[in-house]
Amino acid sequence: MKSLLRIGLAALALPLLAPPAAADTISFTIRPDNGTARFISRRTFGACRLRNIDPWTEQCSGWRPVVGGQPLSLRGQFCIYGEWDDHRTHRGSFEMPTTSGDRNINYPVVPREAKGVCT
Amino acid sequence: MSDDPPGAEKDNYFSEILKVLAFGATVATIPLFASMENLQPPWPTAVAYVSAALIVVGALIAREFGAGASSAALRRLLLLASTLTVVGLFAYLYLYATLVLTLEGGDRLILGYACNNEAQQMYERCPHLTAVELSEDEYDPERFYTLESLTAAKLSLVAAWITFMAGLVAVVGWAIAGVKAKKAAAAAPTNPAEPVKEG
């Protein structure tokens with residue numbers, strides 16, 4: 001009984017000693033590089049639409065700036081917006097997987113019209 | 001040369017075999033306990049330690065209540081603990097099936113009982129959201145459910161788990177105490193003038 005208890009307690013504590021799983025990251029490349037970009041979660045995007053706020057504008061709170069080349073650990077669906085000095089824009093979306101991996105996904109932010117689920 | 005009476009060597013041999021078998025059985029339970037990692041509640045993260053503490057406390061309580069109890073009393077306690085185990089297990093499985101969402105990568109999320117106002121307007125499925133809806137805001141249930149309902153969901157899962165674990169430990173403890181009580185009763189002298197000591 002005592003040894004069973006000891007092994008049981010050790011087995012219960014084992015999962016706590018496991019190292020944390022690696023996560024996928026995403027980094028953005030803004031081309032041409034004189035532009036800026038920001039991203040927002042799809043739920044916040046939809047909530048702004050529900051409140052009759054144009055979700056692509058910064059009036060919709062929840063946008064986060066994209067820092068070119070810096071890898072971000074994110075999960076789920078997002079909308080992304082880029083703009084350049086010559087008024088060209090990028091409206092797109094991306095999805096990050098929930099599977100724990102160790103990859104870096106590169107997302108090129110180039111001028112283009114709305115594409116994907118964020119319309 | 002041994003001073004043991006004839007047959008004692010054979011008894012020792014069998015008791016050694018029993019010890020080896022008991023060790024084998026103990027080792028065989030390791031995967032069972034390890035599999036509890038996926039079965040235990042996702043919250044709190046240190047629930048494994050809570051479970052371990054519960055096993056110790058449960059074993060001590062079972063020993064305290066079981067020691068010196070009559071066979072009939074132990075049988076009643078065993079029945080009570082078995083009921084607790086079954087009720088706790090089914091309650092836990094029901095709550096787990098309705099409140100826990102396992103993602104593709106193995107992460108587990110606890111869903112709430114009630115969506116917040118915004119989520120209620122956006123998702124018809126509320127409060128029974130799936131991974132698809134939760135993916136729209138970083139799989140963070142706090143952005144979809146009210147904090148009160150999330151706390152209630154977490155606590156109800158833990159309460160059912162504790163009921164199940166406490167019942168299970170008590171069943172094992174009192175079953176062992178019952179066997180010991182039977183052995184003691186069998187070994188005790190049958191003279192009615194002498195009181196039979198159990199436990």
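Two strands are taken to pair if DSSP finds at least two bridges between them. Helices (H or I, at least four residues) and strands (E, at least two) are DSSP runs, numbered from the N terminus. The model shown is predicted: local features need pLDDT of at least 70, side-chain atom pairs count only at pLDDT 80 or more, and totals for chains, interfaces and linings use all residues. Residues are numbered from 1 along each chain as its sequence is written, and chains are lettered from A and ligands numbered from 1 in the order in which they are written.

**View 1. The hairpin of β4(A) and β5(A).** Five residues are not part of either strand here: the hairpin has 5 residues between the strands, and A:His87 takes a positive phi near 70°. Strand β4 (residues 76-83) of chain A pairs with β5(A) in the antiparallel sense over 8 bridges. Within this pairing, A:Ile80 stands opposite A:Gly92 of β5(A), and A:Gly76 has A:Met96 as its bridge partner.

**View 2. The open sheet of chain A and helix α2(A).** The sheet consists of 4 strands in the order β3-β2-β4-β5, with antiparallel pairing. Its edge strands, each pairing on one side only, are β3 (64-65) and β5 (89-96) of chain A. Strands of a sheet pair through backbone hydrogen bonds, either parallel or antiparallel. Helix α2 (residues 42-50) of chain A lies across β2 (36-41) and β4 of chain A, and runs at about 85° to β2(A). Such angles run from 0 to 180 degrees between N-to-C directions, with axes being lines fitted to C-alpha atoms, for helices over the stretch in contact (C-beta atoms, placed from the backbone, within 7 Å).

**View 3. Helix α3(B) and its two sides.** The 20 residues of helix α3 (residues 47-66) of chain B should span 28 Å at 1.5 Å a residue (1.5 Å times one less than the number of residues), which agrees with the 27 Å between its end C-alpha atoms. Buried residues (20 or more other C-beta atoms within 10 Å of their own, C-beta atoms being placed from the backbone; exposed, 12 or fewer; partly exposed, in between) of α3(B) are B:Val47, B:Ala48, B:Ser51, B:Ala52, B:Ile55, B:Gly58, B:Ala62 and B:Gly66. They lie on the same side of α3(B), because they cover an arc of only 145° around the axis, taken from the directions from the helix axis to the C-beta atoms. On the other side, B:Ala53, B:Val57, B:Leu60 and B:Glu64 are exposed. Just after α3(B), B:Gly68 takes a positive phi of about 80°.

**View 4. The setting of α3 in chain B.** Chain B has 7 helices and 2 strands, which run α-α-α-α-β-β-α-α-α from the N terminus on. Of its 199 residues, 26% count as buried.

Methods:
Two residues are in contact if their C-beta atoms, placed from the backbone, lie within 7 Å.
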